Each structure stands twice: as structure tokens, then as C-alpha cells.
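Me: Could you walk me through this model? I'd like to start with the overall layout and then ask about details.

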Amino acid sequence: MDSQAAQDYLGRLLGKQLRIHTTDARVFVGEFKCTDNECNVILSQASEYRHSPTSSVPSLRKGGLPTVQEEETKEPMTSRFMGLIVVPGQHITKIELQDRGHP
């Protein structure tokens, strides 16, 4: 994808709800506001979702990336409202366009 096509694509995502997964297995959901050359992402009206410390998924407690099987389990997640946040690009593992129905 050339530079102009990438800019056009990001422009279409402005104002949309994104779900961002991070290296420490947290998930942030919020309205996409902007990004920069270092792939940092700014979300507004953001919430953080994470597995509870008593989770039975061992790699999440160690801070490792979850396996496919672990991601598919329905472990309870805690959430908190964060507001306007910056997610550092170096910690982003996946970005998804959020369905309005679920976190």
C-alpha cells in the first residue's frame, strides 16, 4: 500500500471505534482520534479491559502473549473507563474495527 492509500485508509477510520490489543494482554476500546509516525494511537472515550489477577490463564499472569486457545476462553475481564489515552505503538499487537455490540 502506498503512502497516500495508507493515509486515505487511516482517514476513513477517524471517529470509528477501535479495539487495540497490547503485549500485556490488555484490550483498549475507544474512538480513534489520531496516530503518529511511531504508530502511537490516541483514543477518546476509551475503556480498558483486562483479565482479572485471579484468572486461570497462566501466560496472562506472566505477562506473555495468550495462545489462540487462551484467547478463545471466556475468562472474566475487568474493565475501567480511561477517557483520552495514548497507546504506545511498540506495545500494540493487533488493531480491530470494533463492532458496536460488544467489547
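Reply: What follows goes from the fold to the strands, the turns, the core and one pocket. This is a predicted model, in which local features need pLDDT of at least 70 and side-chain atom pairs count only at pLDDT 80 or more, while totals for chains, interfaces and linings use all residues. Residues are numbered from 1 along each chain as its sequence is written, and side-chain values use heavy atoms, with hydrogens and water left out.

Me: How many helices and strands are there in the protein?
Reply: The protein has three helices and five strands, where helices (H or I, at least four residues) and strands (E, at least two) are DSSP runs numbered from the N terminus. Along the sequence they follow the pattern α-β-β-β-α-α-β-β.

Me: And in what order do the strands sit in the sheet?
Reply: The sheet is open, with the order β4-β3-β2-β1-β5 and antiparallel pairing; two strands pair if DSSP finds at least two bridges between them. Because β4 (77–87) and β5 stand at the edges with a single partner strand each, one side of each is left without a neighbour in the sheet. From one strand to the next the twist averages 30°, with axes taken as lines fitted to C-alpha atoms (for helices over the stretch in contact) and angles running from 0 to 180 degrees between N-to-C directions.

Me: How many bridges join β3 to β4?
Reply: Nine bridges join them, and His-51 stands opposite Met-77 in β4. Between β2 and β3 (residues 41–51) there are seven bridges, with Ser-47 of β3 as the bridge partner of Val-29.

Me: What about β1, which strands does it pair with?
Reply: Strand β1 (residues 17–22) pairs with β2 over five bridges and is joined to β5 by five bridges, in the antiparallel sense in both cases. On the β2 side, Leu-18 has Gly-30 as its bridge partner and Ile-20 has Phe-28, while on the β5 side Arg-19 is partnered by Glu-96.

Me: Is β1 buried or exposed?
Reply: Six of the six residues of β1 are buried, so the strand is largely enclosed by the rest of the structure; buried means under 20% relative accessible area, exposed over 50%, and partly exposed in between (1.4 Å probe, protein chains only). Gln-17, Arg-19 and His-21 point one way from β1, whereas Leu-18, Ile-20 and Thr-22 point the other way. In a regular strand the side chains alternate between the two faces of the sheet. For the protein as a whole, buried residues make up 34% of the 103 residues.

Me: Switching to the turns, where does Ala-25 lie?
Reply: Ala-25 lies in the loop between β1 and β2, a hairpin with four residues between the strands, and its phi is near 70°, a positive value in a residue other than glycine. At 14% relative accessibility Ala-25 counts as buried, whereas Thr-23, which has its place in that loop, counts as partly exposed because its relative accessibility is 30%. The C-alpha atoms of Thr-23 and Lys-94 are separated by 9.2 Å, although these residues are 71 apart along the chain.

Me: And which residue has a positive phi in the turn between β2 and β3?
Reply: That is Cys-39, with a phi of about 65°, in a hairpin that has five residues between the strands.

Me: Now the interior: which residues make up the largest nonpolar core?
Reply: It has 11 residues in all, including Leu-13, Ile-20, Phe-28, Phe-32, Leu-43 and Ile-85; such a core is a set of buried Ala, Val, Leu, Ile, Met, Phe, Trp, Tyr and Cys residues joined through side-chain atoms within 4.5 Å. The elements giving two or more residues to this core are β1, β2, β3 and β4, and the largest share, three residues, comes from β3.

Me: Last topic, what lines the second largest pocket?
Reply: Among its lining residues are Tyr-9, Leu-10, Thr-35, Cys-39, Ile-95 and Glu-96. A pocket here is an open set of points on a 1 Å grid over the protein atoms alone where a 1.4 Å probe fits, with protein on both sides within 12 Å along at least five of seven lines, and lining residues have an atom within 4 Å of a point. The largest share of the lining, four residues, comes from β5.
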